[in-house]
Amino acid sequence: MQHSINVRSQHQHSIQIYKIIDTSQVMSSKIILRPAQRSDISDLALLGNAANANSVLHRRIAPSQDQSPVGHYQWRRNLVRLRFPAPDIRTIVAVNSSSGELLGQATWAIEGSDTALYKKWTGESTWADWLENKLISIERTWSRYFSDEFIDYRFLDQFLAAFTGNQRAQRPACLHCHLIVVKPDIQSKGVGRMLIDWGKELAVKEELPLFLESNLEATGFYDKIGFSRMNKDVVVSPDGQDSICIPAYVWEGKEREGRWLERDMEFDGEGERWKWKDAVLPK
Ligand SMILES: CC(C)(COP(=O)(O)OP(=O)(O)OC[C@H]1O[C@@H](n2cnc3c(N)ncnc32)[C@H](O)[C@@H]1OP(=O)(O)O)[C@@H](O)C(=O)NCCC(=O)NCCS
């Protein structure tokens, strides 16, 4: 059974449900998709760390994470907290309907200030969100200098600078998946697909493409669920050590194929690669 309920703000306190999905064929209970609440922050932080434990990038950001589990958790928790007051970002979670256990999360950002969705989401933002954002940012700065000694901030700063620099290639208005993680012991059971399907439905409704950057470990997932790999991977070598490759993916959807993307005929590597059509890029 699929049951859609209106998309509403995570800034409100009552728990709304987007969808209830009967997964009895692969799991013993149903899964609920709903907006993340501030009461989920601890679980979201634990889940983020657990699911990224083997990611090459995260190992380089927090090389001694195993020796400082509490500090690592606190660092992640502050990152998670910042997503709640951000006006252009929404996080949804997949939850076991019987136990309430958090199984996965996806964070979406709307890019394109002239889109209806951007106006809607940012229009829901309040002065309290602004203040919360400032307070958490101050706390993060304090943590950086006084408690996060196991985070390699030098690497992180260089990585972000290189990544942002590389990203300057423009793209059209889109729904950008910033993050998706599924609890390690429940991966490959369809939860990731459900979280992405939520974004796909919203993207179709809002007439937007989906965009995301993948880590190398997850490219097989996006290939499987209908995403097109873009022609240029972002490759950064922040500290002169082994470079980190970050492929970019776009989803248009079958009915909208060719609206934003065209095949890059000059790509001479393995498989097909895609590029934005000139006409959709901002002038
Ligand atoms: C990547 C991730 C979100 C996928 O979620 P999931 O619940 O495991 O994925 P699903 O079960 O919905 O997978 C859908 C299909 O993709 C396949 N798949 C999932 N992860 C894959 C991977 N890393 N490589 C290749 N195929 C993968 C599944 O086997 C499934 O195939 P099927 O339709 O033939 O059964 C999850 O594995 C995860 O959290 N990984 C660690 C963190 C991470 O890498 N996040 C992505 C950051 S870009």
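**Notebook: ligand shell, sheet and single residues**

**Entry 1. The ligand shell.** I began with the ligand and found that strand 5, helix 7 (191–206) and helix 8 (219–224) each supply at least two residues of the shell around it. I note at the outset that the model I am reading is a predicted one. I counted 20 residues around the ligand. The closest of them are Q187, G192, R193, G220 and F221. I then sorted the shell by residue type: eight of its residues are nonpolar, eight are polar and four are charged.

**Entry 2. The sheet.** I next looked up how the strands are arranged. Eight strands make up an open sheet with mixed pairing, and their order is 1-2-3-4-5-6-10-7. Which strands are the edge strands? I found strand 1 (19–21) and strand 7 (228–229) there, each pairing on one side only.

**Entry 3. Strands 2, 3 and 4.** I followed the order inward to strand 3. Strand 2 (residues 31–35) pairs with strand 3 in the antiparallel sense, and I recorded five bridges between the two. At this pairing, I92 in strand 3 stands opposite P35. On to the next pairing: strand 3 and strand 4 are also antiparallel, joined by seven bridges. Two positions served me as markers here. V93 stands opposite Q105 in strand 4, and I89 has A109 of strand 4 as its bridge partner. I traced the chain from strand 3 to strand 4 and found a hairpin with five residues between the strands. In the turn, G100 has a positive phi of about 80°.

I then asked how much of these strands is buried. In strand 3 (residues 89–96), six of the eight residues are buried, so I describe this strand as largely enclosed by the rest of the structure. In strand 4, seven of the 10 residues are buried, and strand 4 is therefore largely enclosed by the rest of the structure.

**Entry 4. Strand 4 against strand 5.** How many bridges join strand 4 to strand 5? I counted eight, and the two strands run antiparallel. Q105 has V181 in strand 5 as its bridge partner, and W108 has C177 in strand 5. Q105 thus appears twice in my notes, with V93 opposite and with V181 as a partner in strand 5.

**Entry 5. Helix 1 on the sheet.** Helix 1 packs on the sheet, where I see it touching strand 4 and strand 5. The direction of helix 1 makes about 95° with that of strand 4. I looked up which residues of helix 1 (residues 41–51) are buried, and they are L44, A45, L47 and G48. Why do they lie on the same side of helix 1? The reason I noted is that they cover an arc of only 165° around the axis. The buried residues of helix 1 pack against helix 3 (69–83), strand 4 (102–111) and strand 5 (174–182).

**Entry 6. F227.** I located F227 in the loop between helix 8 and strand 7. Is F227 buried or exposed? I entered it as buried, because it has 23 C-beta neighbours inside 10 Å, where 20 or more is the cut-off. Leaving aside neighbours within four places in sequence, I list its contacts as Y222, Y249, V250 and W251. I also checked C245: the C-alpha atoms of F227 and C245 are 18 Å apart in space, and the two residues are 18 apart in sequence.

**Entry 7. L281.** Where is L281 found? I found it in the segment after strand 12 (274–276). L281 counts as partly exposed because it has 13 C-beta neighbours inside 10 Å. With neighbours within four places in sequence left aside, L281 is in contact with Q170, P172 and W276. L156 is 125 residues from L281 along the chain, and I read a C-alpha separation of 29 Å between them.

**Entry 8. Two positive phi values.** My last look-up concerned residues other than glycine with a positive phi. One of them is S188, with phi near 65°. S188 is found in the loop between strand 5 and helix 7, and I noted it as exposed because 10 other C-beta atoms lie within 10 Å. E207 has a positive phi near 60°. I found E207 in the loop between helix 7 and strand 6 (210–213). With 12 other C-beta atoms within 10 Å, E207 is exposed.

Conventions. Residues numbered from 1 in each chain as written. Predicted model: local features only at pLDDT ≥ 70, side-chain atom pairs only at ≥ 80, totals over all residues. Helix = DSSP H or I, 4+ residues; strand = E, 2+ residues; numbered from the N terminus. Arc of directions from axis to C-beta. Contact = placed C-beta atoms within 7 Å. Near = placed C-beta within 6 Å. Nonpolar A, V, L, I, M, F, W, Y, C, P; charged D, E, K, R; others polar. Pairing = 2+ DSSP bridges. Axes fitted to C-alpha atoms, helices over the stretch in contact; angles between N-to-C directions.
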